[in-house]
Amino acid sequence: MLSDTELESYFKAHELGAKARDIILNIRSSDPSRRVKSGTQNVACRYPSQKMGFIIQAESHTNELAAVYQWEHEDAVHEFYDQPPRIKLDYRKESGRRVSILHTPDFFLLAEGFTGWVECKTEEHLQKLSESQPERYCRNENGEWSCPPGEAYAAKYGLAYKLRSSAENDWTLIRNLIFLSDYLD
């Protein structure tokens, strides 16, 4: 984790304003907003993060935990928090009806080149969601998954929002990180 001095340097280097700083300080000082639970489609797990110095929750071994393994050993990722406080997503459905929902993203990251919320979904689930909720889940002009309401919310504070697909998982790297975790720690 970043020290107070390192955090202040991070704020300055990433030109984060007062509102973004307040959000980050709140996330850093808060417990996860909810406990993850197992369901028919997932298995909740807890990862003892050396980088963070506490337990990180994940709701799936094959997607969220894979991201946690990568972030744990990625030098560009300084801090990551599970289940940050809920954020409000506002958007219009295809019918034109305005919708506002409270959404708990999976993670919040402080990294080089990215400061913001991350929502992890499997590629298959994102494809289904893009059909049923195209205003919330779509591909951007670069072909990457996008959540326009999440990105709009984050942009108000000079932060970012990212949908992370399971297609981004490099399983060779993840298996090697798991195998070498005792040595790397």
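**Close-ups of a predicted model**

**View 1. A rung between strands 6 and 7.** Leu109 has Gly116 of strand 7 as its bridge partner. That pair sits in a predicted model, where strand 6 (residues 107-111) and strand 7 run antiparallel and are joined by five bridges.

**View 2. The open sheet.** Zoom out from those two strands and you get an open sheet of four, ordered 3-6-7-10 with mixed pairing. Strand 3 (77-82) and strand 10 are the edges, each pairing on one side only. From one strand to the next, the twist averages 25°.

**View 3. Two helices across the sheet.** Helix 1 (residues 4-13) lies across strands 3, 6 and 7, and runs at about 85° to strand 6. Helix 2 (residues 18-29) also lies across strands 3, 6 and 7, here at about 115° to strand 6.

**View 4. Inside the largest nonpolar core.** This core counts 47 residues, and Trp71, Phe80, Phe107, Leu109, Trp117 and Leu159 have the most contacts inside it. The biggest giver is helix 3 (residues 64-73), with six residues. Take Phe107: leaving out residues up to four places away in sequence, its contacts include Ile56, Val68, Trp71, Tyr81, Pro84, Trp117 and Cys120.

**View 5. The two faces of helix 4.** Glu123, Leu126 and Leu129 are the buried residues to look for in helix 4 (residues 123-132). They end up on the same side of the helix because they cover an arc of only 120° around its axis. Among the elements covering them are strand 7 (114-121), strand 8 (138-139), strand 9 (145-146) and strand 10 (160-165). Turned away from that buried side is the face with Lys128, Glu131 and Ser132, which are exposed.

How values were computed: Residues numbered from 1 in each chain as written. Predicted model: local features only at pLDDT ≥ 70, side-chain atom pairs only at ≥ 80, totals over all residues. Heavy atoms only, no water. Buried < 20%, exposed > 50% of the residue type's maximum accessible area, 1.4 Å probe, protein only. Arc of directions from axis to C-beta. Contact = heavy atoms within 4.5 Å. Core = buried A, V, L, I, M, F, W, Y, C linked by side-chain atoms within 4.5 Å. Pairing = 2+ DSSP bridges. Axes fitted to C-alpha atoms, helices over the stretch in contact; angles between N-to-C directions.
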